[in-house]
Amino acid sequence: MAGDVWVFAEYQAGKIRKTSLEVLSKGRELAEQLGSGLGVLLLGSGVDGLAQELTAYADTVYYGDNPLLEKYNNDVYYQIIAALAEKEKPHILLAGATFLARDLFPRLAGRLKTGIAVDCLSLEMGDDGSLIARRPLFGGKVLADVVCREGRPQIALVRPNTFSLPDVQSPAQGKVLPLDVTVDTSQVKLEVLDVTRMAKERLDLTEAEIIVTGGRGMKGAENFQLLDDLADVLGATVGATRGVVDNGWRTHDDQVGKSGKTVSPKLYFAVGLSGAIHHVMGMNTSKVVVAINKDPQAPIFQYADYGVLGDLFEIVPLLTETLKKEI
Amino acid sequence: MNILVLVKQVPDSEALVQVKGEGSGVEVEDRYTLNFFDSLAVEEALQIKEQTGAGTVTVLSLGGQKAIEALRTAIAMGAAEAVLLEDPAFENGDEYATAKALAAAAKGMEWDMILCGKEAFDDSSGIVGPLLAEFLGIPLVTTVVKLDFISEEQAVVVEREIEGGKEVIKAPLPVLLSAQKGLNEPRVASVMGVMKAMQTEIKKLDLAAVGLSQSEVGKAGSKEEILRYHRPPERPPVTMIQGEATEVVRQVVALLKDEAKIL
């Protein structure tokens, strides 16, 4: 409905993504402050069940269920959301700052002639109903409060792991509203040939609650087994520094830092890494940081809550063993 | 194949950035460089040009002296032509206003493909490229890590990074693509290149030349306004733990459980 808060929901492997649920939780809070409804947008194929699931979080579940929507295609998703937003006129549109959202929503902002704030770390309602988004500049050296003065909806993409998970309404209160999926195929220029995801048991770095990152102090690709073992015990995801990726010990997909991924887990282990600024820029919003390094001068200790001075090859296996018994 | 590449000069990652006064602005140390992701875009354009053997690589930026430095770096790498959007009216614009100006300039140029970095190191938005595609009415693919140009079809097949995987996408020309780390290894400019960059004339376009009005660009044409700047919250001083390994590990686990309450 006009004036509502909307959240765009993504799913993966048959489940609503954690980051989408986090944004729904914030969306509910903003809708309550505005006295408006909370809508959620779901596009996909065979997503009936997920649409039902979302009625536990939102008042209205707009969902497009069509084979055309099975794989994300910017040209297709863009048309559907633009048409719906032009008709329903939401006040705010939120999504997690995922690869998909960062591909889709900037273009959508252009079409809707409105502003967009990316990678937001907090969202507040201003007195005049405008959304104040706090976002990092210069790799997090500075934060800026930005507001969309002109254009609606106000679009904001939120860094994953920024907000807590929402309460489940029981019984579910929302209603589902299937969308009539009509696509102007003459405007679909892109053809998605293939989508592959590595069969990973772990969450992506951007969504992981615990991350264990190794630096060049790991001394070789084979030693990352130590971090994999620790990650197994903690249900964590393993990250790597730029030096490690440049050495070919891990793939770029695992890189945390300014030219890799920006992460914000609850707990971050920095193991055998010095803490170069481009790395710190990618992890400095982690809630608790444990650094393990044998060099007392390593800059990473300035960015850590707990600094362990010692040999990682001695400390990490012991830590894994101890945690195995304790948790 | 004519390729247009967007470039931007940004503070390097070591540059000191401080919040001024009561959060009204920021002071940035004068340590600037061509945006890393833009250098990937320039490199890719040069490789396509070398592969196809025809066409021109033109670099485009908006701003003043800093933008000229970005353009010269790109010429030194091998770009043939450089265009600068320069006018007081363009200043203090957000991504929307910047993309409007770039789109107006691009409309007056000949290109089959536009390349840009996936984001700039300073604001990390990654918005200008997609907005430009929208304003020009062309398709876009962001975070591209592999690019194959298929000349007989006048199309590209690209791989795009997503969380834990990749998408393979085919797009007809014209198209806008944004470069992600992994696409290539940008070349270092040769001495000859640097000398050429000093001599190459940079074509300048002002507001009148791109045919826009004052209200469409700069602050007036912006959608987003920065209200204030903040310093990031500071982490409390580090608790250092050292000694015998078993004892150290016991302490860390206890702190994570009892103090940080995270395990």
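Start with the contacts in chain B of this predicted model: of those between residues at least 6 apart in sequence, 69% join residues at least 24 apart. Colour chain B by secondary structure and you get seven helices and 15 strands. Show just the C-alpha trace, and its span along the principal axes is about 65 × 45 × 40 Å.

Now switch chain B to a surface. About 11,500 Å² is exposed, with carbon and sulfur atoms supplying 49% of that. Of the 263 residues in chain B, 55% are buried.

Stay on that surface and select Val191(B), Met192(B) and Met195(B). Together they make a nonpolar surface patch with about 360 Å² of accessible area. Pick out Met195(B), which sits in helix H5, residues 191-199 of chain B. Is Met195(B) buried or exposed? Neither, quite: Met195(B) counts as partly exposed because its relative accessibility is 46%, and that class runs between the 20% and 50% cut-offs.

Next, hop over to chain A and colour it by domain: domain 1 covers 5-187 and domain 2 covers 210-326. Their centres, taken over C-alpha atoms, are 32 Å apart. Zoom in on where they meet: eight residues of domain 1 of chain A contact ten residues of domain 2 of chain A. The area buried between these two domains is about 620 Å², and carbon and sulfur atoms give 60% of it. On the domain 1 side of chain A, select Gly139(A), Arg159(A) and Asn161(A); these lose the most area to domain 2 of chain A, together 64% of what that side buries.

Last stop: how many salt bridges are there between domain 1 and domain 2 of chain A? The count is zero.

Methods: Residues are numbered from 1 along each chain as its sequence is written. Chains are lettered from A and ligands numbered from 1 in the order in which they are written. This is a predicted model: local features need pLDDT of at least 70, side-chain atom pairs count only at pLDDT 80 or more; totals for chains, interfaces and linings use all residues. Side-chain values use heavy atoms; hydrogens and water are left out. Patches are made of residues with over 30% relative accessible area and no salt bridge: like charges are joined within 9 Å, nonpolar side chains (Val, Leu, Ile, Met, Phe, Trp, Tyr) within 5 Å. Accessible areas come from the Shrake-Rupley method with a 1.4 Å probe; for residues, only the protein chains shown count as cover. A salt bridge is a side-chain nitrogen of Lys or Arg within 4 Å of a carboxyl oxygen of Asp or Glu. Helices (H or I, at least four residues) and strands (E, at least two) are DSSP runs, numbered from the N terminus. Buried means under 20% relative accessible area, exposed over 50%, partly exposed in between (1.4 Å probe, protein chains only). Domain bounds come from an automatic or database domain assignment. Contact means heavy atoms within 4.5 Å. Buried area is the accessible area (1.4 Å probe) that two parts lose on being put together, summed over both.
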